[in-house]
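Q: Could we go through this structure together, starting with the ligand site and then turning to the backbone?

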Amino acid sequence: MVKARRFVLAKHFVGEPKEDDFELVEEELPDLKDGEIRVEAVALSVDPYMRPYSVNHPVGTTMFGSQVARIVESRSEAYPVGKLVVGQFGWRERAVVDVGKQDLTGLPKPYIVPDFKGLSKSLALGVLGMTGNTAYFGFLELCKPKAGETVAVTGAAGAVGSTVGQIAKIKGCKVIGFAGSDDKVKWLTSELGFDHAFNYKTTDIDEALKKAAPNGIDCYFDNVGGKLSSTIIKQMNNFGRISVCGSVASYNEDPSNLPEAPIIQRAIVGKQLKMEGFLVKRWSNRWLEGINQLLQWIVEGKLKYNETVTRGFENMPTAFIEMLQGKNVGKAVVKV
Ligand SMILES: NC(=O)c1ccc[n+]([C@@H]2O[C@H](COP(=O)([O-])OP(=O)(O)OC[C@H]3O[C@@H](n4cnc5c(N)ncnc54)[C@H](OP(=O)(O)O)[C@@H]3O)[C@@H](O)[C@H]2O)c1
């Protein structure tokens with residue numbers, strides 16, 4: 001019998017998640033049936049969505065999420081022992097999974113990590129995986145940026161935002177990013193080629209935008225929601241496009257009593273803006289197209305990435321808590 005550890009939701013979060021909201025439990029894994037594989041986690045993802053999604057799950061649920069794992073036993077020909085696989089296996093150090101079963105996320109079924117040309121396989125959780133594709137499809141398909149246009153992105157130093165800003169540069173746009181520390185802002189302009197970046201915690205956003213984007217904003221990639229987004233939307237040009245990716249500014253709030261943001265309808269009507277939300281699973285059938293393009297840009301030196309790595313499976317809660325506090329630059333991952 002193989003022993004395995006997993007994290008369960010011990011309490012529903014109130015405000016910021018805390019270490020004792022999680023419980024580490026140990027169990028014995030069952031023997032494999034046909035169509036199943038046994039995996040050992042190599043790298044696990046911590047993502048903002050885990051905070052709001054937890055509300056819909058009862059206490060005792062295994063924390064959900066994706067990981068890159070090594071196949072150590074297999075009763076499925078398409079998933080040979082020794083290969084690395086990406087799947088929604090949850091916060092589990094070891095697991096037995098049915099690879100034929102589509103899970104409820106609507107994301108692609110477990111797949112063998114493609115050839116990343118020598119790059120770290122953990123990128124399958126970030127720039128060459130879910131967050132990369134969120135940036136790639138969510139920005140290009142919804143904002144439809146044209147060369148010469150001005151793009152604003154919030155959550156700009158995070159996994160999705162840092163990729164969006166660089167894709168916008170690749171497409172010939174002027175890019176303005178907002179992030180939560182001076183170090184992040186410096187990274188965006190000096191390393192990633194953003195034209196302007198601002199610390200949204202210390203900057204007068206209205207004034208900064210008037211200077212950085214005197215001709216207005218054509219595309220806004222919204223990762224955060226709230227007042228910051230309302231301020232940006234008010235400075236958009238006619239027929240501007242807003243891709244609504246997330247609202248991390250509200251994730252720690254009580255969902256039945258969310259904070260109010262300044263009204264944006266006047267700008268949407270007056271400027272005839274188009275605002276559309278999305279879930280990246282919309283492009284599940286084009287998953288590898290996105291990953292291949294992102295990989296090519298990395299190989300060509302056009303796209304950079306950063307991972308904030310926490311070591312040790314037992315530190316999953318810490319990595320998750322710190323990511324929500326903004327301690328990550330680029331993708332937050334846990335390496336076992
Ligand atoms: N629609 C989809 O399919 C999809 C898929 C993936 C992700 N998302 C969304 O995309 C957004 C970014 O996700 P990610 O994985 O790239 O995470 P991330 O940006 O790497 O990490 C989360 C970041 O949120 C920022 N943050 C925390 N509290 C904030 C607040 N009150 N106001 C503004 N920013 C705050 C922090 O950066 P600062 O230091 O800058 O505050 C933190 O680093 C999230 O809203 C997420 O839910 C959506």
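**Ligand site and backbone**

A: A polar side-chain atom of Asn328 lies 2.6 Å from an oxygen atom of the ligand. Please keep in mind that this is a predicted model.

Q: How much of the ligand's accessible area does the protein cover?

A: On its own the ligand has 910 Å² of accessible area, and the protein covers 89% of that.

Q: And which backbone atoms lie by a nitrogen atom of the ligand?

A: There are two such cases to report. Cys245 places a backbone N or O atom 3.0 Å from a nitrogen atom of the ligand. For Phe278, a backbone N or O atom lies 2.8 Å from a nitrogen atom of the ligand.

Q: Which residues come nearest to the ligand?

A: The ligand has 27 residues around it, and the nearest are Val160, Lys184, Tyr200, Tyr251 and Asn328. Asn328 is also the residue with the polar side-chain atom 2.6 Å from a ligand oxygen atom.

Q: What is the make-up of the shell by class?

A: The shell around the ligand has 16 nonpolar residues, 10 polar residues and one charged residue.

Q: Which helices supply at least two residues of that shell?

A: Helix 2 (130-143), helix 3 (159-170) and helix 9 (316-324) each do so. The largest share, three residues, comes from helix 2.

Q: What about domains, which ones does the shell draw on?

A: Domain 1 (3-126 + 306-335) and domain 2 (130-281) each contribute at least three residues to the shell around the ligand.

Q: Let us turn to helix 3. Why does its length agree with what is expected?

A: Helix 3 has 12 residues, which at 1.5 Å a residue should span 16 Å, and the C-alpha atoms at its ends are 17 Å apart, so the two values agree.

Q: Is helix 3 mostly covered or mostly open?

A: Helix 3 is mostly covered, with 10 of its 12 residues buried. The buried residues are Ala159, Val160, Gly161, Ser162, Thr163, Val164, Gly165, Gln166, Ile167 and Ala168. Among them, Val160 is also one of the residues that come nearest to the ligand.

Q: What happens to the backbone just after helix 3?

A: Gly172, just after helix 3, takes a positive phi of about 85°.

Q: Which residues other than glycine have a positive phi?

A: Lys117 and Phe239 can be named here. As background, most residues other than glycine have a negative phi. Lys117 has a positive phi of about 55°, and its place is the loop between strand 7 (111-112) and helix 2. For Phe239, phi is near 60°, and this residue is in strand 12 (residues 236-244).

Q: Buried or exposed, those two?

A: Lys117 has a relative accessible area of 58%, over the 50% cut-off, so it counts as exposed. Phe239 is exposed as well, because its relative accessible area is 53%.

Q: What lies across from Phe239 in space, going by C-alpha atoms?

A: One residue to mention is Val269, which is 30 residues apart from Phe239 in sequence and 9.8 Å apart in space, C-alpha to C-alpha. Val269 is found in helix 7 and, at 62% relative accessibility, counts as exposed.

Q: Staying in strand 12, is Ile242 buried or exposed?

A: Ile242, found in strand 12, is buried, because its relative accessible area is 1%. The C-alpha atoms of Ile242 and Lys274 are 6.1 Å apart, although the two residues are 32 residues apart in sequence.

Q: Where is Pro262?

A: Pro262 sits in the loop between strand 12 and helix 7 (265-270). Its relative accessible area is 30%, so Pro262 counts as partly exposed. Lys234 is 28 residues apart from Pro262 along the chain, and their C-alpha atoms are separated by 9.9 Å.

Q: One last topic: how many residues along the chain are Leu288 and Asn133 apart?

A: They are 155 residues apart along the chain, while their C-alpha atoms are separated by 9.0 Å. Leu288 lies in helix 8 (residues 287-299) and, at 44% relative accessibility, counts as partly exposed.

Methods:
Residues numbered from 1 in each chain as written. Predicted model: local features only at pLDDT ≥ 70, side-chain atom pairs only at ≥ 80, totals over all residues. Heavy atoms only, no water. Near = heavy atom within 4 Å. Polar contact = N/O pair within 3.5 Å; in protein donor to acceptor, adjacent residues only side chain to side chain. Areas by Shrake-Rupley, 256 points an atom, 1.4 Å probe, with all protein chains shown as cover. Helix = DSSP H or I, 4+ residues; strand = E, 2+ residues; numbered from the N terminus. Nonpolar A, V, L, I, M, F, W, Y, C, P; charged D, E, K, R; others polar. Domains from an automatic or database assignment. Expected span 1.5 Å × (residues − 1). Buried < 20%, exposed > 50% of the residue type's maximum accessible area, 1.4 Å probe, protein only.
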